[in-house]
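Here are my notes on the model you sent. They cover strand pairing first and the nonpolar cores after that.

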Amino acid sequence: MHTEKLKIGKIVNTHGIKGEVKVLRITDFEERFTPGNEVIISSDQHDITLEIGSHRIHKGFDLITFKGYANLNDVEQWKGMNLYIDKNQTAELEENAFYYHEIIGCQVQTAEGDTLGKVKEILSPGANDVWVVQRPGKKDLLIPYIEDVVKKVDIQTGVISVELMEGMLD
């Protein structure tokens, strides 16, 4: 049975000799990597579901181990592979909270109805996320996900209304 999967990170390297892998996280839910949770490693041939054994953060990366894989040789094969969760594992979100996959690809418009472009990626540099909007023939526009700027997000229609601050289009 094929279920829809959501990408939550990428194994960028191994760490040490005890089966720890270094994960570049692309999810805003740290609890995704709570020991006991299941993640899916996907290769061209098949999906492997693994249980997280341990999790810690080191130099901005998530370091995790998988139950039953306590050795560097066990996990080396997964270097460069993506980590996923089953879409059914997603939690209910609070109001005005969205999954990255719901925002990426949305059209961004001004309150006046001018289309600025599409959200192509989300950056998490610090206090708030920044939505990167790809504009046709222009450089990308960076939109901070804050109340003053993002006025309305309509996931159903895929349209985000924004009110740009002075200097944002420069």
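1. Two strands count as paired if DSSP finds at least two bridges between them. Strands (E, at least two residues) and helices (H or I, at least four) are DSSP runs, numbered from the N terminus. This is a predicted model, in which local features need pLDDT of at least 70 and side-chain atom pairs count only at pLDDT 80 or more, while totals for chains, interfaces and linings use all residues. Residues are numbered from 1 along each chain as its sequence is written, and side-chain values use heavy atoms, with hydrogens and water left out.

2. β4 (residues 47–58) and β5 form a hairpin. Two residues lie between the strands, and K59 in the turn has a positive phi of about 50°. The pairing is antiparallel, over six bridges, and S54 stands opposite T65.

3. β5 also pairs with β2 (residues 20–25), again antiparallel, through three bridges. Here V23 faces D62 across the pair.

4. Five of the six residues of β5 (residues 61–66) are buried (under 20% relative accessible area, 1.4 Å probe, protein chains only), so the strand is largely enclosed by the rest of the structure.

5. The largest nonpolar core (buried Ala, Val, Leu, Ile, Met, Phe, Trp, Tyr and Cys residues joined through side-chain atoms within 4.5 Å) has 18 residues. Among the members touching the most others are I103, V108 and W131. Elements giving two or more residues include α2 (100–103) and β8 (115–123); β8 gives the most, with three.

6. A second, separate core of 16 residues includes F66, V75, W78 and L83.

Note on methods. Buried < 20%, exposed > 50% of the residue type's maximum accessible area, 1.4 Å probe, protein only.
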